[in-house]
Amino acid sequence: MTIKIWKFFQREQLFECYQCARCTGSCPAMEVAPALGPRETILICLNQGHDRVVEDEKLWLCCTCNVCEDRCPQEIPICDLLVALRNSAARRGNIPIRLGMAIELLAKTGRSMIVHQLDEMRAHHGLAPLPPAPVDEVRDILKKTGLDEVIEI
Amino acid sequence: MPRFHDHTTDLPEEVFQLKNIDESSVSPGPSNDLRIGVYVCHCGKNIGGTVRCEEVAEYASTLPGVVLSSDSLYTCSEPGQEQIKSDIREHGLNRVVVASCTPRLHEPTFRAACESAGLNPYLLEMANIREHCSWVHLHDKDAATEKAKDLVEMAVGRATRLTPQFELTVPVNRQAVVIGGGVAGIQAALDMADAGYKVYLIEKSGSIGGRMAQIDKTFPTMDCSICILAPKMSEVGRHPNITLLTLSEIREVSGHIGNFKLKVLKKARYVTNECTACGDCIEACPQLAPDEFNAGLSIRRAVYLPFAQAVPSTFMIDMDLCLNSAGIVACDRCFQACAHKCINFADKDQWLEIEAGTVVVATGVDVYDPTALTELGYGRFPNVITTLEFERLINAGGPSSGELIRPSDRRRPQKVAFLQCIGSRSKRSSPYCSNVCCMNTIKDALLIKEHWPDTEIYVFYIDIRAFGKGFEDLFRRARGEGVTFIRGIPGEIIEDIATDNLTLLGENTLLGRHYRYTMDMVVLSVGIRPRKDSEMIQRLFNLSTDTDGFYMEAHPKLRPVDTTTGGVFLAGAAEGAKDIKDSVTQASAAASRANILMSRGEVKVPAITSRIDPEKCTACGLCARVCPYHAIQGGKELGYYQVVEAACQGCGACVPECRFGAIDQTHFTEEQITVQIDHALTRDPNHKIVAFACNWCSYAGADFAGVSRIQYPHNVRIIRTMCSARVDPAWIERAFLKGAGAVLVSGCHPADCHYNNANQNTARRVEKFWKRMEKLGINKDRLRLAWVSAAEGAQFARVIEEMERGLHKLTPESIQEDAEKLAKRSTGKSESS
């Protein structure tokens, strides 16, 4: 199942971009990883169509810190674009394995990381074990967000 | 017995009364001796591509009074005009209707054609089927054609009621005022003074020279800026026809084209004209402040000369800084130091009154302050400076005597970066391109290379705009000298605390790679923006501003230095970002336009003034109270009021105020407009919006929507008045009675009114009408008041779209019901009164 990206991000906003690259220049993800910079993302959407981005796994390297949006001279809501693109990517099955695993864990245990080792550490420091996570509640929330349509939980 | 009331308070219900429209004047068809010629213009494909002009012309021929109707490719062309002239002579036409572009463009053309064929120019009427029709309904040919028919029918209807008018001639005072002593103001003043007219050059600061005096070299020729400006400045200083008023500001303006009266506040200089600028006083002065001329990079005293070449070459005292600011002489060191005893602490501000026939506005610009862009660190990192600061830094007369040093340690930087488009082309600052920064940076880069060739220079840009004569050559030279151009503005600047060096993080978009450059100094190429106080001159002279805040020209192509206020002209960057050459060109153009007025010595004012019928006038004086120009005089003693025609500007605000129908506005009579309303609503009135638009802002805004091809619903019919204050509530009622779905009253933004805030009357009258609708249980949304400026084409389209959506909620029955409610009220009232 696919979604309409331009429902969540006004396509006209893309035309505001004149490729000054202030966004990519400010991007912390670009500093450390070969991510798809915001400028390049917009340029690909404009010149080659957003499908090219949606199929690219590098889309997931953005950490949605919002700095690009903050510094964009044209006030393009870049993070909205990235979130919309990722939604589409996830629905098409372009979702990194590790992220899929994290979601699965969240749905099963109510936590996004494995914590039983943590309990030992807490006991060592004289702390009470963590209370049980509200698994059903978390799962309900995940379902309401429509995540079950994207990934098996 | 008529009752009088204070117009500022709300009327009690029983005296709410609208003028009764004399049905006999508007209902019967035109008399037999009318011979109307209709000309439908194709304007090439501009109109003909959307509107079926032949069909419109054919329809026009069926209208009563029309004896001749034709369509032509270009009516404004020489053959088109000749056709009109010969038709007037051969067919004895006594009214001419041209359906083409906006009357704001070609009305004078066609009026002249009529006049040369012996027809009074006021017997011409235009239907705007280009800006208000074909251009805004590009994709709906049927609807556009139907609308064009309606617009032509309205124009023909109005033409039947036109009467010949004769324009009044007023003398033009042969003195001019130039506001602003930058290079544009200097050039305009010199041109007019050389032509033999007396010129007052009014400058706010202590010396003329403006921004150009601050710049080191000019592009693309690399001339020394002050070297070419200083001779012109001193010429102003000694020209017998120029009176130079520095430290002066205009505070009040009255009058009109040819006869302005200005009140000028000339602030005290505290130093007399005998000053020889020896500078002995400087040493004596104990008070220090940042030197504005050097962009704050050096220090001046409280007694100072703005800069070495200043004209007048007279020192001045900054009284805010001087120890004697409280009016008591606490320190007289400068007085003691002055050999000629030129210091005068008792100097006072003066009020001057100046009469002038023409005015040139050359108020210049400010530069963008990049402090708000925190990621660049301007204001926090000493080695991040602006271009204006850089200009002073490498100027031989600047704080470092022309040595290239960086502020933090006063060492010569080895690596210099220029960042383009700071404060330009951005929604975070100014959305427009500032025009001069690209070339200014290239020039600065070359200057560094010229003196210190081993300096590494990096220019970070988005686009290099080298569009002018000799610009591309300069760009090529800079590349040849080894200046590195990198496409991609840094996202962030980081300062190394130990060395004060700056690290630039960004992306080279052409390589698609991240970069990290360490620089010794960063120059932000800041954009230019309208002066902070530009609003003051705008208010005083009723100028319009564009969306960016620059003063707006009367027509962007054909009247680029005129303003919508007659006799006021624009020069220099106050009209829009421009370089020195363009400023000088425009200043000479403005001076030349002003010279035309002054050399003729008289000017014709349009015959659109109000007239009062003394028979009907009861001398209540309500009209005199709303007149923004005090042009209505008279009184109870005289038994009536009358209009002083030379003072009347033709806004028409007084007409709706009169409840006895004693006033009417020439060429915008009650009868003419009522006929237009009726004709707009002959077919399918329920789906139509009648829009009243003022000539200066809203009608121009609708024109602008057309020029920008902004598409909006086709069911609006625009009726032009000079000011929105001319809109009579009786017209609104008339439109609703005739079944109009909605009515729009639109004018200039409050305080931007072309007629001294006459539009506050518009708001008052519309609000009163709303109250009435509310009381009668009529949906208030059907009457809308919108402020639309001449630059807000998109806003106009939005208003029409919203109103069109509102129409969907109405049914023919509800409209009929509302009309009956309104009708009952008015007949009931007229019986009781």
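**Entry 1. Parallel sheet, chain B**

I looked up an open sheet of 5 strands in chain B of this predicted model. I read its strand order as β8-β7-β6-β16-β27, and the pairing is parallel. I noted β8 (242-245) and β27 (568-570) of chain B as the edge strands, since each of them pairs on one side only. From one strand to the next, I recorded a twist that averages 20 degrees.

I then examined one pair within this sheet. Strand β7 (residues 198-202) of chain B is joined to β8(B) in the parallel sense over 4 bridges. Which residue of β8(B) stands opposite B:V199? I found B:I242 in that position.

**Entry 2. Antiparallel sheet, chain B**

I turned next to an open sheet of 3 strands in chain B, with the order β22-β23-β24 and antiparallel pairing. β22 (492-495) and β24 (513-519) of chain B are at its edges; each has a single partner strand, so one side of each is left without a neighbour in the sheet. I noted that neighbouring strands here are turned by 25 degrees against each other on average, with direction ignored.

I went through the two pairings in turn. β22(B) pairs with strand β23 (residues 502-508) of chain B in the antiparallel sense over 4 bridges. In this strand, β23(B), I identified B:L502 as the bridge partner of B:E495. The pairing of β23(B) with β24(B) is also antiparallel and runs over 7 bridges. For B:E507, I found the bridge partner B:H514 in β24(B).

How many residues lie between β23(B) and β24(B) in the hairpin that they form? I counted 4, and I noted that B:G512 in the turn has a positive phi of about 70 degrees.

As background to both sheets, I recall that strands pair through backbone hydrogen bonds, either parallel or antiparallel.

**Entry 3. Helices α13 and α14, chain B**

I looked up the packing of helix α13 (residues 437-451) of chain B against helix α14 (residues 471-480) of chain B: the angle is about 40 degrees and the axes are 10 Å apart. Are α13(B) and α14(B) oblique or roughly parallel to each other? Angles under 35 degrees count as roughly parallel, and the two helices are therefore oblique to each other. I recorded the passage of α13(B) over α14(B) as a left-handed crossing.

I listed the residues that make the contact. α13(B) contributes B:M439, B:I442, B:K443 and B:L446, while α14(B) contributes B:F471, B:L474, B:F475, B:R477 and B:A478. Sorted by class, I have 7 nonpolar, no polar and 2 charged residues in the contact of α13(B) with α14(B).

**Entry 4. Helices α7 and α16, chain B**

I examined a further helix pair in chain B, helix α7 (residues 183-194) and helix α16 (residues 580-600). Their axes come within 8 Å and cross at roughly 35 degrees. I recorded a right-handed crossing for α7(B) passing α16(B). On the side of α7(B), I listed B:V183, B:A184, B:Q187, B:A188, B:D191 and B:M192 in the contact; on the side of α16(B), the residues include B:I580, B:V584, B:A587, B:A591 and B:M598. By class, the contact of α7(B) with α16(B) has 10 nonpolar, 4 polar and 1 charged residues.

**Entry 5. Backbone exceptions**

I recall that most residues other than glycine have a negative phi, and that most peptide bonds are trans. I looked up exceptions in both chains.

In chain B, I found a cis peptide bond between B:F219 and B:P220, with omega about -5 degrees. B:P220 is in the loop between α8 (210-214) and α9 (225-238) of chain B. I found another cis peptide bond between B:V311 and B:P312, where omega is about 0 degrees. The loop that holds B:P312 runs between β13 (303-304) and β14 (316-317) of chain B.

In chain A, I noted A:E75, a residue other than glycine with a positive phi, near 55 degrees. I located A:E75 in the loop between α6 (67-71) and α7 (78-91) of chain A.

**Entry 6. Domains**

For chain A, I took down domain 1 (5-91) and domain 2 (97-150). Their C-alpha centres lie 30 Å apart.

For chain B, I took down domain 1 (20-166 + 665-832), domain 2 (168-267 + 349-364 + 534-604), domain 3 (268-348), domain 4 (368-529) and domain 5 (609-664). The C-alpha centres of domain 1 and domain 4 of chain B are separated by 54 Å.

Notes: Residues numbered from 1 in each chain as written. Chains lettered and ligands numbered in written order. Predicted model: local features only at pLDDT ≥ 70, side-chain atom pairs only at ≥ 80, totals over all residues. Heavy atoms only, no water. Pairing = 2+ DSSP bridges. Axes fitted to C-alpha atoms, helices over the stretch in contact; angles between N-to-C directions. Domains from an automatic or database assignment. Parallel < 35°, antiparallel > 145°, perpendicular 65-115°, else oblique. Left-handed = near helix turned anticlockwise from the far one by under 90°. Contact = heavy atoms within 4.5 Å. Nonpolar A, V, L, I, M, F, W, Y, C, P; charged D, E, K, R; others polar.
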